[in-house]
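Colleague: Could you walk me through the reasoning behind your descriptions?
Modeller: Gladly, let us take them one by one.

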Number of protein chains: 2
Amino acid sequence: MADAGPPWRVALLVAYDGTEFAGFQSQVNGRAVQDVLEAALADLYGTTLRVRAASRTDAGVHAVGQVASVDLGDAARYARIPLERLPLALDGRLPADVRVLAARAAGPGFDPRRAASKTYRYRLLARPAPCPLRRRFVWHVGGRLDVEAMATAAEAVIGRHDFSAFAAAGASGASRVREVRALRVRAAADDEVHVDVEADGFLYRMVRNLVGTLVEIGRGRRAASDMASILASRRRALAGATAPPQGLCLMEVRYADDPGAAWVRAPAASSR
Amino acid sequence: MADAGPPWRVALLVAYDGTEFAGFQSQVNGRAVQDVLEAALADLYGTTLRVRAASRTDAGVHAVGQVASVDLGDAARYARIPLERLPLALDGRLPADVRVLAARAAGPGFDPRRAASKTYRYRLLARPAPCPLRRRFVWHVGGRLDVEAMATAAEAVIGRHDFSAFAAAGASGASRVREVRALRVRAAADDEVHVDVEADGFLYRMVRNLVGTLVEIGRGRRAASDMASILASRRRALAGATAPPQGLCLMEVRYADDPGAAWVRAPAASSR
């Protein structure tokens, strides 16, 4: 492109039902959210565009506040569709399980992966009877959970720690230190228990491993006080099993250089 | 069967995600909840058994409190599986979008269609942004709704009336008089508005026609005071359009001769 100027970077707020996806990121096998977003962008702009996202969610994991970025190339191409109309233009080209909730201009240095914090919610269905309407969105743990014990255990995790005990076995990478800013366990409507966790970053499967351990405490199979010693041990083998993916949802991503007020359409503060 | 005694009638509390069903009742074309229930019963008991249900829900309509009955034939067959284990035994033979929440013995005169009252919930998503996670369970009406105007309009419908104005065009049947015992419109979590309606019975598509009219009032396209005159007119043409099926869920069915306390497993009081 002879007239290509600096790339016009756009940030997208994306929501998806992860049930029928192999995760956000493109891969050799399986349907990825990235693929359907890039296909919609290619159809709209007539050229191949790469999407980057704040979080590579796993297969079956949902999002109501995923943030993705795309460089639209030259200004002329960018100007064809006003930014406030981009969500609807993309939605018309996306499958029903993915929606673009908002779009805004982002600075050239914006990288969605450099988030100041991410917030996830994990939904547990804590009663004997299953619920077929929620089967894609909750982990049905059967009987009741001791929410108070879970909340007490959660307190031990808040703060800056080495989270090796809750990292997926075999996970590589330099530092395992992350700062969990909030970890709240509470009884919610319709027999659900919600675990909301905010951190400056997460190790692979960290939320699901934390939830798996909290559920064992909620079932009375471990003491709430075990949480601190599991964390201190840094040994994955001491923590609980990994919670299944369908209960997990990426709720919100925040950026230090961005007060989050610039979304053309209001972000969706939704749990479902 | 030489030793067939009086039939053992069992009542089942059934929940289903109606998205991939053509409705409860068996029909020539399409997958019906009745079919998958009867197939599970046939597999379990080795004989063809007919299921009757309180409500013939339409394609795409959900249930968390459907009541069905089945005659299990002779006592020996009935005794093979203890009643409290019947839900799990059936769930293992049902697709993931149908679950039997509870089972109990019913008197020989029990007819699930002779309900004292039924309660439905209709879920509206009242914000500009769609939610792909809830697309199967809400009607996305776009912008905000005037819940107060809708609640005021709803009051006009409560009581014993001829509901011809809200019956599907071409609906036959003798009396169009029904008693609406409760009709509540309220703002719910996550940008939803819920319409809960309880009546001694419903005309075909009555809830969806009531909701379609209430949404027009909530959008400011009609006055709340119009509701009373639409009802009094008995003319379907004056009411609003039929709301789409996916927002509707059968919540509960009550029987006069049954305090509802006999469910082997606790009924699920769930909205999702």
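Colleague: What does the accessible surface of chain A come to, and how much of it belongs to carbon and sulfur atoms?
Modeller: About 11,300 Å², with 50% belonging to carbon and sulfur atoms; such areas come from the Shrake-Rupley method with a 1.4 Å probe, and for residues only the protein chains shown count as cover. Please keep in mind that this is a predicted model, where local features need pLDDT of at least 70, side-chain atom pairs count only at pLDDT 80 or more, and totals for chains, interfaces and linings use all residues. Residues are numbered from 1 along each chain as its sequence is written, chains are lettered from A and ligands numbered from 1 in the order in which they are written, and side-chain values use heavy atoms, leaving out hydrogens and water.

Colleague: What makes helix 5 of chain B mostly covered?
Modeller: Buried means under 20% relative accessible area, exposed over 50%, partly exposed in between (1.4 Å probe, protein chains only). In helix 5 of chain B, 13 of its 13 residues are buried.

Colleague: How do you know that the length of helix 5 of chain B agrees with its residues?
Modeller: The expected span is 1.5 Å times one less than the number of residues. The 13 residues (206-218) should therefore span 18 Å, and the end C-alpha atoms are 18 Å apart, so the two agree.

Colleague: Why are B:Ala149, B:Met150, B:Ala153 and B:Ala154, which are buried, placed on the same side of helix 4 of chain B?
Modeller: Because they cover an arc of only 140° around the axis, taken from the directions from the helix axis to the C-beta atoms. On the other side, B:Glu148 and B:Glu155 are exposed.

Terms used: Helix = DSSP H or I, 4+ residues; strand = E, 2+ residues; numbered from the N terminus.
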